[in-house]
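Student: I have a new structure open and would like to learn how to read it. Could you take me through it step by step?

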2 protein chains.
Amino acid sequence: MTKNRYRRDELLEIAIDLFAEKGYVGTSIRDIAKAIDRSVSNVYHYFENKEELWLAILEYSVQGLPEKLRMVAHGEGEPLERFKKLLKVHLEESTKHQRETKIFFIDEERLSPKGKIINKQIQKEILDIYVEQFRLLQSHNLVRARNLKILAFNVLATINWFLRWYDPEGNMSKEEIYDEIIDFVLHGMCTK
Amino acid sequence: MTKNRYRRDELLEIAIDLFAEKGYVGTSIRDIAKAIDRSVSNVYHYFENKEELWLAILEYSVQGLPEKLRMVAHGEGEPLERFKKLLKVHLEESTKHQRETKIFFIDEERLSPKGKIINKQIQKEILDIYVEQFRLLQSHNLVRARNLKILAFNVLATINWFLRWYDPEGNMSKEEIYDEIIDFVLHGMCTK
DNA sequence: GAATAACTAGATCGATTGTTCTAGTAGAGT
DNA sequence: ACTCTACTAGAACAATCGATCTAGTTATTC
């Protein structure tokens, strides 16, 4: 008999909620069990320990992001249009997993060495995808920045910061925000 | 006899280090005391409790930022030049208090209601300074964005994110990064 | 129907948490 | 000499932490 995937994922869902709200250290196993009205044993039945639970969340959500972005980055089309598409997909995927991505960034320093390494690696992968894109765009004379790494940090800044202030219950539409962010990344705030 | 300001501030310094490294929840009073080789009582002598210690750090560092920014924002000069100066000062001040500002953003959700309110208020103040600047620049036809609030979030994104990746020990100079960020904010990544 | 694996509740573990209490020392002002 | 305040160390507190252990209940397979 294999483990009950459904009950495991239910647990994962509630854990994401609590981690996103109160952080990794701020959320206890008991909190998680209580929130879904099960016993502590139930949590430990599906996950070896707290850290494994955390890593399962990563796998469940953020892990696949680099691959998805690479697909777009290496896809067909004109370089600049493809880059715009990359931004859009990145924004959409991040929004889809807003809570998890939030966790991902908020508590990165609070993990065990193993967790830290995985975390850093995913971030590095994403950064590299962008730097590579910039190099390509640069060869077409489409990039103004001198330091491509700083540029990548700046672009990631707008995307990742968006996850902090965006409120799904708010009155701004996602499409409106996406367009505004993409326009900002491409041309900044100034006219001309 | 008044409280020994020097020993208090020493305590504050070490607390900033630990909070920045391991977070608010991840740092215990004992950790702080041990790091500076004093007793727990010593910490409680200078600060009522853990939260007051946190708030003291805020006061010690981040609290004055809005006022400094307002000074520049309401200063003399051409609107766009003044705005550039605003960005520069903001970047400089944030770098000066990098550890504290990091704490400020990382653990904002982990505070008591009182702490949360103070935290949110400072962030709101800063946001408003930028939105006001954009309104002024807009009246001179210098801003391309439609939604000024989103624009403000994007600008703050680049500044605050910078604090996450910037390594004072690294080989990039601060001035180089500042210029690159300011250029990005004003004109984005594209040529033309 | 026996055997095996999946799952569960609840007590319990030692360690650590924020905080308080007790009992003091040091030094300045009177 | 006495008093008051500033300061200190270290034991002690109840609560909570991640984790484990015991003892059980289901459900499936042969």
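Tutor: We will go from the single chain to its domains, and then to the pairing of the chains. This is a predicted model, in which local features need pLDDT of at least 70 and side-chain atom pairs count only at pLDDT 80 or more, while totals for chains, interfaces and linings use all residues. Residues are numbered from 1 along each chain as its sequence is written, chains are lettered from A and ligands numbered from 1 in the order in which they are written, and side-chain values use heavy atoms, with hydrogens and water left out.

Student: How many helices and strands does chain A have?

Tutor: Helices (H or I, at least four residues) and strands (E, at least two) are DSSP runs, numbered from the N terminus. Chain A has ten helices and zero strands. Along the principal axes, the C-alpha atoms of chain A fill a box of roughly 60 × 35 × 30 Å.

Student: Into which domains is chain A divided?

Tutor: Domain bounds come from an automatic or database domain assignment. Here, domain 1 of chain A covers 5-53 and domain 2 covers 61-187. Ten residues from domain 1 of chain A and nine residues from domain 2 of chain A take part in the contact between them, where contact means heavy atoms within 4.5 Å. The C-alpha centres of these two domains of chain A are 28 Å apart.

Student: How much area do domain 1 of chain A and domain 2 of chain A bury between them?

Tutor: Buried area is the accessible area (1.4 Å probe) that two parts lose on being put together, summed over both. For domain 1 of chain A and domain 2 of chain A it is about 840 Å², 57% of it on carbon and sulfur atoms.

Student: How many salt bridges are there across the interface of domain 1 of chain A and domain 2 of chain A?

Tutor: Side chains of opposite charge can pair when their charged atoms come close. The rule asks for a side-chain nitrogen of Lys or Arg within 4 Å of a carboxyl oxygen of Asp or Glu. It finds three salt bridges across the interface of domain 1 of chain A and domain 2 of chain A. K114(A) and E52(A) form a salt bridge through their side chains (3.4 Å, N to O). On the side of domain 1 of chain A that touches domain 2 of chain A, helix 1 (5-22) and helix 4 (50-60) of chain A each supply at least two residues. Helix 1 of chain A gives the most to that side, with five residues.

Student: Which residue pairs with E10(A) in a salt bridge?

Tutor: The side chain of E10(A) meets that of R38(A) at 2.6 Å, N to O. This pair links distant parts of the chain, 28 residues apart: E10(A) is in helix 1 of chain A, and R38(A) is in the loop between helix 2 (29-35) and helix 3 (40-46) of chain A. Over all chains, the count comes to 32 salt bridges.

Student: What turn lays chain A on chain B?

Tutor: Two copies of a chain are related by a rotation about an axis and a shift along it. The copies are superposed by least squares on the C-alpha atoms of residues with pLDDT of at least 70 in both. A turn of 180° and a shift of 0.0 Å along the axis lay chain A on chain B with an RMSD of 0.1 Å. That is the relation of a two-fold axis. Of the residues of chain A, G188(A) comes closest to the rotation axis, with its C-alpha at 1.9 Å.

Student: How many residues of each chain does the contact between chain A and chain B take?

Tutor: It takes 49 residues from chain A and 49 residues from chain B. R144(A), W161(A) and M189(A) lose the most area to chain B in chain A, together 18% of what that side buries. The two chains bury about 4800 Å² between them, with 61% given by carbon and sulfur atoms. Of the interface residues of chain A, 100% are also interface residues in chain B, so the copies meet through the same surface.

Student: How many salt bridges are counted between chain A and chain B?

Tutor: There are four. R146(A) and E180(B) meet in a salt bridge through their side chains (4.0 Å, N to O). Helix 9 (148-165) of chain A is one of the elements giving two or more residues to the side of chain A that touches chain B. Helix 9 of chain A provides the largest share of that side, eleven residues.
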